[in-house]
Each structure stands twice: as structure tokens, then as C-alpha cells.
Amino acid sequence: MPARLMIPARDMPPMIGTSGNVGGFGIAQQNLMDGDGGGPQLHPLDMAGNPSESELARLRDDDFDSNKSGSDNHEGPTSGDDLQDERRKKKRYHRHTQHQIQEMEAFFKEFPHPDDKQRKELGRQLGLEPLQVKFWFQNKRTQMKTQHERHENTQLRTENEKLRADNMRYREALNSASCPNCGGPTAIGEMSFDEHHLRLENARLREEIDRISAIAARYVGKPIGNYPPLSSPVPPRPLDLGFGSFSGQSGVGGDVYGCGDLFRSITAPTEAEKPIIIELAVAAMEELIRMAQVGEPMWTMGLDGTSSVLNEDEYIRAFARGITTNPTGFKREASRETGVIIMNHINLVEILMDVSQWSTIFSSIVSRAMTLEVLSTGVAGNYNGALQVVTAEFQVPSPLVPTREVHFVRYCKQHSDGTWAVVDVSLDTLRPNPAVRCRRKPSGCLIQEMPNGYSRVTWLEHVEVDHRGVHNLYRQLVGSGHAFGAKRWVATLDRQCERLASAMATHISSGDVGVITSPEGRKSMMKLAERMVISFCAGVSASTAHTWTTLSGTGADDVRVMTRKSVDDPGRPPGIVLCAATSFWLPVSPKQVFDFLRDENSRSEWDILSNGGIVQEMAHIANGRDTGNCVSLLRVNSANSSQSNMLILQESCTDATGSFVVYAPVDIVAMNVVLNGGDPDYVALLPSGFSILPGGSSMQSGGEVASDGSLLTVAFQILVDSVPTAKLSLGSVATVNNLIACTVERIRASLSPENN
């Protein structure tokens, strides 16, 4: 092998600059001209002492800079010091300061696409040109997109390797397969009838998958209203929950306004309906994203200066090929709300896509929910691409407001910028049903990750609903969209996430008297209180799962009652339970009503069952920023020494959209077990309490309508007989009726403006 090799100097820079001066090339010049100038020039390299590629690249860069400096100098040769200064000038780059980077990073989390005005203002604050700010944000978005794509590529590469390993394992298994009859090797090329049938079925399924994927890839489809109905719903069956012997009339709910029980009539989608459902979900996702991010003129500021109001004409113009049309007689309710939630985005997505967790977190809004079918579980081990068909019932905690039953598809998707979106849209157009009184337009939320485990949630509620059946007392609250609006969903989510954070807290200060510091005891007591609140909310609404009966001759505040039979339920005492509820308006603020009802010192003013005894708080658990959000264990010291003391478990919770005070008598022995971390599911509870909503309206004596104040619902559950098969007597009904009427009068007297 020769010691020296001659190669063409293809990568060398030109020897002569534009001015005719010869640029300096260091050691490369010494060996470049071995010949007499004719033909291609060769560069001898010693193989034994060959420089590395990095050194050659550095030499070429330095020589190029030197040659460029020499060729640009038209005034004569340049000294060494001047050449070094010029090199430093040309290699001087502008770098942002740490402060500028931190400020732009923080601004990027809130506004990844700033407009011209925002860029100018940010540049003015940081001492940068708007163009510099624009380029920084472009580079940042490109960087985030690259990181996301790199992460996806890594996941796909891992899945590909797994599939390749499975493929190799199957190949080895086929090569070593033996005949089940003779034990010898199988003959290649032979195919049984069953195998042939499976191959045909596999090909058919692949075609169906490709067809569905093509529909989803289009991302937007034609209006679903053009499709014919594919199946007829089963007529809703009436519920057998009558009272028997005493006279009454059906209250709100039931079938008075055609509100049948969709949980009985709706079935899982057919194979022919599934492609249409997928197309509908994808179109709904696009509409949700646009509606959540767009500003004026689609959304305008409300009269209160904080809420957003949908411009219906602009909406119809922007979504002319909308998903559904507004049915005759239906009203449109649309609202949007944004909030910062103390929970990371992954956990929020899991809660929304798990119907059981979703209905538990939003128990004050969702009375019932059921997953009919899961069309897709998502990809890459998360809920990205998950698709579910769900039936749910939405409620206001009062028997005077009909519930809203909705049959919808829920679709979850993670977008390229890392934002998660969960959208719901009704499927009623697939199966027309005249009993449907609420249609869910594309509604849901966008979830953006924030530092320190927080999430930014933008919630959109958009429905078309029939307001008939709503009591005049609640017509203003429901008609304004506040009863079922986005603000209520966000406020409830924020409060419940604070409650979860409190339940998971491990370091609890024991400075206050009565604070439960044991993690096991806190967890068990909060779980018991959660079950109590869920039971109260489900029992006080006008759900189609039960029928209220209005007692006649009770005056303006009608009392509605119903019975329940409790059998083999460890969480309820066995026997006949009589439920009674009434709603009325108070001319005081919701906060004043809430503070009065939750305070143990004022309990004797309204609680008839306490018999005038002194109420003392034995233990409590704070579960939110507001001091009114807490779980308490109260002891009623009876004024009569012959009567035993009574324990009461109480949870009070409040937010900007409503408040609850729920309580239930509990057994002393059972509560000791719970406080020591025992299982709370076997503690029998019959919850009673109050729901407080803002606003409403009431007709005054002068004929004027007052709208400021509170809407208070009082609900009791009383065990009237411990035998489940016993008949309900009129005396029991009269007793409960008198109990709730006296409680209402005491509350009104204590909270009347004359006494405050």
C-alpha cells in the first residue's frame, strides 16, 4: 500500500480574491502547487500522519474567513491585529438575555400566537424589535412542534419494534408447526376451509378500517341531518313509583312534557351507524376548537362585563353547514368560561373520559350517566383518539327544573401544540325521538398544560333545549344559561379539584382544635361525605328515575314527596324512606343564606330535630380555599338529659354558581370506625340538606318582580318504616309535610330583612 495518496483538492477555496490578491491558506498552500500548473492540482497527504476530519473542517473554515477578508480589502494588505478584529466583528452574534427569554417563555405559555400589538408591547417591555420577538416566537413554535414529533416518532418506533418482534415470533412458530394428525411438519401451501374463511373475514375488516380511517382523515363531513333514521327507538315505559292511597298530582318531570327516560329506550349503535358517528365526532371537534378560540364578533361581552354572549347570526353564518338545525320551539343556550384548575392535564383527561369519575366529580350537575359503547380506546397508551357513546342526565338541584337527558358521542384528541380537547355532540339526529327535549351541540373543553401541575381549561356549553316545564321561579336562571352553563361546570371542577388535593394532603397542621390529622381517617371521612352529597343531589332533582308528587293545599310553596324502598343496601337503612322537598325565593344574598345554614351556632334556629340542644363541632376537614368548603362532625347535646346525644355528618361547599349544605345523622360506633380509617361504605346514611342558587325571581305584593336574592331548596329524607314491604300511611306524609313547612318558616323568619 503506498505511503502517500494524491487526491483532487475539490473542496479548497479559490486561491485569488476579487482584487487579485492571493489569500493565505496556511499549510495547504505549501503543497498545493507540486506540478507546473497544467492539469488538475493534486494534494499529497501522508497516510501515517493524516489530520482528522474535524481538523480539516476547521482549517477550511479559517482559510475561508481569511480569504474572504483578503478579497474584500481593496485598500491594501491587512495587518494581523486588524484581521483578528474583523473576525471578532463577523462572529459577534446577538443573544437574548436570561430575563428576556424568561419573559417570552412565560408569555408563550399564555399566547403562543401573539398578534402585532402584543409583539410591539412585549418588545417595548424587553427592549427588542417586534421583528426579533416575531422570529423568537416562530422558532419557539417550531421547537415545540419538533419535540412533539420526536416524541411521537419514539413511540411509533417502539411500537414498530414490538410488532417486528411479534412477527418474528409468529414466523418461528409457523416454521416449527406440526400436523395435529400425524405429528409431522405441515405442508406449506395447504389451507384449511376455516383458515380461508378467516382470511376473507380479515380482508373485509381491513376494508372497513380503511373506510372509517378515510372518513376521519377528512376531519369535516357533511351535515348528519341528511342521513335517514337507521333504527326506531323503543317507546319509553312509565315508571311505577306511585304513592297509593293519598291524593296528589304529578309534578315536574315524568311524562308531563314528553320527557321520557332515554336510559330505557336508547341502545348501543349499530354497525351501520358507527361510520356516521365517527364523521360527526370529527366535525364536532373542529367546531369546538374554533368556538373556543375565536373572539369577536362571534362572542361579545355580556351585560355583567365578565360573561361571553354568542352572536347567533354570526354563528349561523360561520357554520352554515352545521351539524344540526335548531328544532322548532327550542331555545339556544351558549356560554364559554376559562379557568385555571389545580390538576395536571393528564388527570383531567382521564376524569372526563371515565364516565364513572366524570359523574362523581360533577355529581351536582350529572344525576346519571352510562357508557353505551366504546368505539375507540385511543392510541399510544392514552386517550388520544378515544371515542365513546354515552347517555347522561343533567340536573339542577331542585324538583322544579326538569332534567335534561342527552344521548351523545364523546371524542378526545391531543392536538399538535400539546392541547387536549374533549367534545360532546348529540346523536339524536341518527334516531329521531319526539320525546327528546335537549340537543347537545358541540360542547366540551380545551385543556392546556401549565407549570406546577396546573391546567388552563376553556369550557364551552352549547345546547338547544325546550324550556317548557321550568317553574316560573327558575325561569330566569335557566333562560339566562347560568343553570347549566359553562361557568357552573368550571366552578364545580375547580372546587372538586381542590377537594381532591385536600384529600391527598399528607402534612396537616394540628394547631386548630378538632382538625383530623390522620391521613386514613381524613380519607375515609371525606369518602363518606362524598357519598352523602351524591345521594342528596340525585334525590332532590326532577330526575326521570323517580316521580315527585305534589301535595295539594299547601299554599304557594308546594311540597313534593316521593317514596323509596331500601332493601339490601348497606349504605342506607332498610325500610320505607319518604323524601320531601320544596323550593322558594329569599330576598337575601346566597352567601348570607349559606353562612346561616352551615354555622353550628345558628342551627337551633331552624333544625327542629335538634330539639333545642346545643350543637358543637367535634372535628372538621377543610377542603378548599373558601372557609365554607369543609366536612364537619357535629354533636347535638340534647337539652333533655334522658335523651342520648346525636352525631351529625355535614359537608358544606360553595362557589360562584351555587352552594350546598348537606347533613345526615350517623351512628357513633360507625363514625369511630371511619375516623380510624375504616371502610365508610357500610355506614347507613339518609342525607338531608339545602341547595342555594343565585338570582331567580319572585312576585312581590305590589306586582313588581324582584330578581336579586337566593333560590333555596330544602329536602328531607325520613325513614318512616323499617319494613320494606309496609304500606305508606297518610299520617307519615302529614308529619313530613309539617316538618318541612315549619323549617321553611323558621328560615324565613331568621333571614328576613327586618331581623338583619
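**Notebook: looking through a predicted model**

I began with the surface of the protein, whose accessible area comes to about 40,400 Å², with 53% of it belonging to carbon and sulfur atoms. I noted at once that this is a predicted model, so everything below describes that model. Next I looked up the overall make-up, and I found 18 helices and 24 strands in the protein. Of the 756 residues, 42% are buried. I also looked at contacts with a separation of 6 or more, and residues 24 or more positions apart account for 68% of them.

**Two helices**

I turned to helix α6, residues 130-175, and asked what span its 46 residues should have. At 1.5 Å a residue the expected span is 68 Å, and the end C-alpha atoms are 67 Å apart, which agrees. I then listed the buried residues of α6, which are Val133, Trp136, Phe137, Lys140, His148 and Asp166. Their cover includes α4 (98-110), α5 (116-126) and β9 (404-414).

I did the same for helix α18, residues 730-751, where 22 residues should span 32 Å and the end C-alpha atoms are indeed 32 Å apart. Its buried residues include Val733, Val736, Leu739, Ile740 and Val744. I looked up what the buried residues of α18 pack against, and I wrote down β16 (575-586), α16 (590-598), β21 (688-694) and β24 (710-721).

I picked out Ser732, which lies in helix α18, and asked myself whether Ser732 counts as buried or exposed. Its relative accessibility is 17%, and because buried means under 20%, Ser732 counts as buried. Leaving aside neighbours within four places in sequence, I found Ser732 in contact with Leu578 and Val720.

**Cores and a patch**

I looked for the largest nonpolar core and found that it holds 47 residues, of which Trp358, Phe362, Phe394, Trp459 and Tyr474 touch the most other members. A second, separate core has 33 residues, among them Leu647, Ala664, Val666 and Leu686. I went back to Trp358 and, not counting residues up to four places away in sequence, noted that the residues it touches include Ile351, Leu352, Phe394, Phe408, Arg410 and Trp489.

On the surface I found a nonpolar patch of about 220 Å², made by Val340, Ile342 and Tyr454. Ile342 sits in the loop between β6 (331-341) and α11 (345-353), and with a relative accessible area of 33% Ile342 is partly exposed.

**Salt bridges**

I reminded myself that side chains of opposite charge can pair when their charged atoms come close. The structure holds 27 salt bridges, and I looked up several of them.

In the pair Glu121 and Arg124, the side chains meet in a salt bridge at 2.5 Å, N to O. These two residues are 3 apart in helix α5, so they are separated by about one helical turn. Glu121 is partly exposed at 35% relative accessibility, whereas Arg124 is exposed with a relative accessible area of 58%.

The next pair I noted is Arg332 and Glu312, whose closest N and O atoms are 3.2 Å apart. Because Arg332 lies in strand β6 and Glu312 in helix α10 (residues 312-318), the pair ties together parts that are 20 residues apart in sequence. Glu312 is partly exposed, with a relative accessible area of 35%.

I then found that the side chains of Arg499 and Glu651 meet in a salt bridge at 2.9 Å, N to O. This pair links distant parts of the chain, with Arg499 in helix α14 (residues 486-503) and Glu651 in strand β19 (residues 646-655), 152 residues apart. I checked the cover of both partners, and Arg499 and Glu651 are each buried.

Last among the charged groups, I noted a network of salt bridges that links Arg410, Asp424, Arg440 and Glu461.

**Backbone notes**

I kept in mind that most residues other than glycine have a negative phi, and most peptide bonds are trans. Asn452 has a phi near 60°, a positive value in a residue other than glycine. I placed Asn452 in the loop between β12 (443-449) and β13 (455-465), and at 73% relative accessibility Asn452 counts as exposed.

I also asked which form the peptide bond from Glu296 to Pro297 takes. That bond is cis, with omega near 5°, and Pro297 is found in the loop between α9 (274-293) and β4 (299-301).

Conventions:
Residues numbered from 1 in each chain as written. Predicted model: local features only at pLDDT ≥ 70, side-chain atom pairs only at ≥ 80, totals over all residues. Heavy atoms only, no water. Helix = DSSP H or I, 4+ residues; strand = E, 2+ residues; numbered from the N terminus. Expected span 1.5 Å × (residues − 1). Buried < 20%, exposed > 50% of the residue type's maximum accessible area, 1.4 Å probe, protein only. Contact = heavy atoms within 4.5 Å. Areas by Shrake-Rupley, 256 points an atom, 1.4 Å probe, with all protein chains shown as cover. Patch = residues over 30% accessible without salt bridge, like charges linked within 9 Å, V, L, I, M, F, W, Y side chains within 5 Å. Salt bridge = Lys/Arg side-chain N within 4 Å of Asp/Glu carboxyl O. Core = buried A, V, L, I, M, F, W, Y, C linked by side-chain atoms within 4.5 Å.
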